[in-house]
Amino acid sequence: MVRCEASNEVVTAYLCGEIDHHIAPKIREDIDANIQSYRPKLLILDFSDVSFMDSSGIGLIMGRYRKMSLSKGKTEVVCPCARMQKIMQMAGIDRLVEIRKEQTDEVNK
Amino acid sequence: MKSTNEIKLTIPSKSSNEGYARVAVSAFIAQLDPTVEELQDIKTAVSEAVTNCIVHAYPDVIGKIYIMVQLLDKNTVRIKIRDTGRGIEDVQKAMEPLFTTGSEERSGLGFSVMESFMDKVTVTSKKGKGTSVTLTKRLSQRVKNA
């Protein structure tokens, strides 16, 4: 589902497995609880270990983007999968948040 | 086109069945030897259609979702996903990208995703009677000795 790590005003959410309408609310709750506790300036949503995603994943990203924007925070997406990138582009998410193919080291550390 | 093989599934509109529905459909289609990409396309489209039934057709009740998968000539797959729920007032509008009557966390992209991953998407609906979505896709590979 999701594992969140917080450090230096950055919360990274490592999503895994399948993201659909059934599982999305549980992931959302987890990430939102972390945003609430750590009040990060940057939220990174890492889809590297996601094996399946439908448009429920888009709602998940948009919702978190809105939440972060309220506190002037940034959101970034890491997504190596071309199919999921296509769905994200369909929603115009690439115009709102940076979509990277892989984690960069300085963010990772 | 003639159907060479088909299955019918009826599932309750519980969100926990979304995963089962897309896996069951893709498992049946596997006999046509699709590519991994094609299977993922179909799984994604089925997931969207089934989610629509759960979220929109039966918002307050658990209803039945009828799924039929037909393997047709020329390596073509036809998937029909039907409900007897609320129905859609304006199908054309419902199919517009980003249009949704759902919550803030719904993207309004369900039909766009279906259209982009399948060759053809046909929707018929009657208010108060239900909705039927037919997804068609021709697979690239030929069946070996089917």
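This talk covers one helix of chain A and several salt bridges in a predicted model.

I begin with helix α2 of chain A, residues 56-70. At 1.5 Å a residue, its 15 residues should span 21 Å, and the end C-alpha atoms lie 22 Å apart, which agrees. Among the buried residues of this helix are I58(A), L60(A), I61(A) and M68(A), together with R64(A). What do the buried residues pack against? Their partners in chain A are β2 (10-19), α1 (24-38), β3 (42-53), β4 (74-78) and α3 (82-90). Just after the helix, K72(A) adopts a positive phi of about 60 degrees.

I turn now to the salt bridges, of which there are twelve over all chains. In one of them, E9(A) pairs with K41(A) at 3.3 Å, N to O. E9(A) sits in the loop between β1 (2-7) and β2 of chain A, and K41(A) in the loop between α1 and β3, so the pair ties together parts that are 32 residues apart in sequence. E9(A) is partly exposed, at 46% relative accessibility, while K41(A) is exposed, at 54%.

Where does a salt bridge cross between chains? D41(B), in helix α2 of chain B (residues 36-57), reaches R83(A) in helix α3 of chain A, with 2.6 Å from N to O. D41(B) is buried, with a relative accessible area of 12%, and R83(A) is buried as well, at 10%.

D41(B) also forms a salt bridge with K137(B), at 3.3 Å between the closest N and O atoms. K137(B) lies in strand β5 of chain B (residues 130-138), so this pair ties together parts that are 96 residues apart in sequence. K137(B) is buried, at 8%.

Methods. Residues numbered from 1 in each chain as written. Chains lettered and ligands numbered in written order. Predicted model: local features only at pLDDT ≥ 70, side-chain atom pairs only at ≥ 80, totals over all residues. Heavy atoms only, no water. Helix = DSSP H or I, 4+ residues; strand = E, 2+ residues; numbered from the N terminus. Expected span 1.5 Å × (residues − 1). Buried < 20%, exposed > 50% of the residue type's maximum accessible area, 1.4 Å probe, protein only. Contact = heavy atoms within 4.5 Å. Salt bridge = Lys/Arg side-chain N within 4 Å of Asp/Glu carboxyl O.
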